[in-house]
Amino acid sequence: METLGLLGHGFATAFTPANLLATFIGCLLGQFIGILPGIGPAAGIALLLPITFGVPAATALMMLSGIMYGAMYGGTLTSVLINVPGEAASVMTAVDGHQLAKQGRAGAALSIAAIGSFIAGVGAVALLAFLCPVLGGFALKFNAPEFFLLATLGLTTTASLGSGSTSKALLMAVFGLIVALVGTDPMTGLPRLTFGEMELMDGIDFIPVAVGIFGIGEVLASLEASQTNVSFIKTRLRDLWLTKKDWVACRMAILRGGTVGFLVGLMPGVGPVVASMLAYAVEHRASKHPERFGKGALDAVAAAESANNSAVQAAMIPMLALGIPGSAATAVLLAALVLLGIRPGPMLMTQQSELVWGLIASMFIGNVILIIMNLPMAPLFAASLRIPYEYLAPGILVVSLVGSFATTLSLFNVGITIFFGVIGYLMLKFNLPRAPVVLAIVLAPLMESSLRQSLMLSLGSPLIFLQRPISAILFAMVLTSLALPLFRRKKVEAKGDELDGTV
Amino acid sequence: MRTLDVAPALVMLGLSAVVYGGTRDLSYWSEFTPGPAFLPTWVAGAGVLISGVILVQALRKGGTGKPEWPDRAGGVRVLLTTGGLMLCVPLAPHLGFVATTVVFMVGMMLGILRRKLVPSLLTALTTGLLIYTVFVWWLKVALPTGPLGF
């Protein structure tokens, strides 16, 4: 009941004209960012962060989080209409969505994606509203050892549960930690890894790194191939209407996708990409006609889209309740909180109650805004796909530079952004995951301060991390997350040996 | 040799060595508290360990695994764009930030991406105007100005 009361106050905050406008602008920008290939929600939030300076923190956060979940809706358009996922989490949507479009059912695909995203998104926000206070209350019992282990768990789960190589993901997390170590030691004030460079005394800012790696790096990779005129499938307003058969086919897919997405999104570091892939796989297994998958199955689109939107909302739970980002985009949001002068962590829910509940309420409103935008206005947004990418790419690059300058008024930071842009490009070439880098940079201050505090308390004994039940459990979870990929590999190898034996 | 795996591992090995060497003069432990070199040492150690694991895995797996580099034209586009971005940094204080971005965009669209003149100029000027309106006029961000005042 208390939660409902707080949520009511949250709606009162979210329904002010300024906050409504901010949520709308965030959703609209997120929609466009989702449509545009070469820029994702993490880079979008980082790029647009400077325009929130000077507005109240709650308003800024509502806009920035609107960008995050708005991008999930926007990514569907390009996936379905031109078979190019505008956002990584829409990759699975493209598999069946574009096939449906070729069969003249683009409208149905877009429609079910929007409706599935809405239902799953609202469901996820409702669960978020009830889970956050519970988790936040539990986290009030945490001390320095628990925070260190929780931050470490955030990095290890990113590596072990994310897509791609675990060892490469861990390596990139180490890279992120190295970047975060540059600057001044927080306890002694001594310069560290600055190599005599005055500009590095304040450390390497998070925003230039995020903008460089996710924004500039992605655009550079997109420039490799000259963009030929893509022919895309037109869609009309009347095509968006779903039949009763479509509803019956998709309702369980939305439920299953939303549930999978929520559970995956809760896990720090995993994110909507894995959620949509897992939901697709689950739906394939649950379907009575799995042979349709890959050839234009509407329920496949429903599952993938429900999952990615649900995961994005769920990723806010560890961020709000624990101060641990659940994805690259929430890592940037967390950095935004710090820039806005707010300290993330378990105390956020009590100390900044109006901000948190206003944000949660705005997520309900944002999902409503997005379904209104996506259903009748889908053909309008689809028209923006006609703009050749070569006219957009230079704009994205210069906005990246201006945004980086605006955060610290330093041309040195602009140089850092370009440097990390090249790094981001090379990371894409060498299949190195980028999310662990930004997660590590965001988590590093918490990791270092809590580690040193813990060892100070225990007079140097590492046993402090095992003494309390919560920290012991977290320690076990860290070890499990590191061991999980090894077990998976052994299982795959054993299966391979078995097949070799039977052939 | 799997270049995809070996190259990043070698780079990180080098970086870890730099981190360790760069913090050797700082104290690892002082009385009963970890010093400024504590975490860098452990991070460098983790970097060496994980790089070692990747190198061993790469040597055991064998086979080829090379990055998909672009063709010549694509490579030139990427290199020239990067070079253009780098040039923006020293030019901005002299030309003005907004003017520099407009020049960069025109150069990129006409010279690198080979787009048509009028749409390129329109796009660059519109973006420049947008940047000026949002960042200079609305947000009052003190972007470096040049002889034209922006």
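This report walks through a predicted model of two chains, A and B, going from confidence to the interface, the core and a few single residues.

**Confidence**

Let's start with how far chain A can be trusted. Its pLDDT averages 85, and 93% of the residues score at least 70. Within chain A, confidence peaks in helix 19 (residues 411-429) at 94 and bottoms out in helix 17 at a mean of 74.

**Where the chains meet**

The contact between the chains uses 50 residues from chain A and 56 residues from chain B. On the chain B side, each of these elements supplies at least two residues: helix 1 (3-22), strand 2 (33-34), helix 2 (38-61), helix 3 (72-95), helix 4 (97-112) and helix 5 (117-138). Helix 2 of chain B gives the largest share, 11 residues. As for chemistry, the side of chain B that touches chain A has 41 nonpolar, 12 polar and 3 charged residues.

Helix 2 of chain B is worth a closer look. With 24 residues, helix 2 of chain B runs 35 Å from first C-alpha to last, close to the expected 34 Å. Its buried residues include F38(B), P40(B), V43(B), G47(B), I50(B) and I54(B). What do the buried residues of helix 2 of chain B pack against? In chain A they meet helix 8 (166-181), strand 2 (191-192) and helix 20 (435-457), and in chain B they meet helix 1, strand 1 (29-30) and strand 2.

Chain B itself splits into domain 1 (3-61) and domain 2 (72-138). The C-alpha centres of these two domains of chain B sit 39 Å apart.

**The nonpolar core**

The largest nonpolar core has 220 residues, and those with the most contacts inside it are I45(A), A46(A), A109(A), A210(A), V332(A) and V438(A). Helix 6 (residues 106-139) of chain A is the top contributor, giving 17 residues. Chain B joins in too: this core takes at least three residues from each of domain 1 and domain 2 of chain B.

Take A46(A) as a sample. Setting aside neighbours within four places in sequence, A46(A) contacts I207(A), A210(A), V211(A), F214(A), G215(A) and V332(A).

**Single residues**

Here are four residues with their places and neighbour counts.

| Residue | Place | C-beta neighbours inside 10 Å |
|---|---|---|
| A18(A) | helix 2 (residues 17-35) of chain A | 12 neighbours |
| P379(A) | helix 17 (residues 378-383) of chain A | 17 neighbours |
| L409(A) | loop between helix 18 (389-408) and helix 19 of chain A | 11 neighbours |
| K140(B) | segment after helix 5 of chain B | 9 neighbours |

Is A18(A) buried or exposed? A18(A) counts as exposed because it has 12 C-beta neighbours inside 10 Å, and 12 or fewer makes a residue exposed. P379(A), with 17 such neighbours, counts as partly exposed.

Distance along the chain and distance in space tell two stories here. A18(A) and L486(A) are 468 residues apart along the chain, and their C-alpha atoms are separated by 51 Å. P379(A) and G107(A) are 272 residues apart in sequence, yet their C-alpha atoms lie 9.1 Å apart.

Now for some backbone oddities. Most residues other than glycine have a negative phi. L409(A) is not a glycine, but has a positive phi of about 55 degrees. K140(B), also not a glycine, has a positive phi of about 55 degrees. L409(A) counts as exposed, with 11 C-beta neighbours inside 10 Å, and K140(B) counts as exposed with 9.

Key
Residues are numbered from 1 along each chain as its sequence is written. Chains are lettered from A and ligands numbered from 1 in the order in which they are written. This is a predicted model: local features need pLDDT of at least 70, side-chain atom pairs count only at pLDDT 80 or more; totals for chains, interfaces and linings use all residues. Helices (H or I, at least four residues) and strands (E, at least two) are DSSP runs, numbered from the N terminus. A residue is buried if 20 or more other C-beta atoms lie within 10 Å of its own, exposed if 12 or fewer, and partly exposed in between; C-beta atoms are placed from the backbone. Two residues are in contact if their C-beta atoms, placed from the backbone, lie within 7 Å. Ala, Val, Leu, Ile, Met, Phe, Trp, Tyr, Cys and Pro count as nonpolar, Asp, Glu, Lys and Arg as charged, and the others, Gly among them, as polar. The expected span of a helix is 1.5 Å times one less than its number of residues. Domain bounds come from an automatic or database domain assignment. pLDDT is the predictor's confidence in each residue, from 0 to 100. A nonpolar core is a set of buried Ala, Val, Leu, Ile, Met, Phe, Trp, Tyr and Cys residues joined through C-beta atoms within 7 Å.
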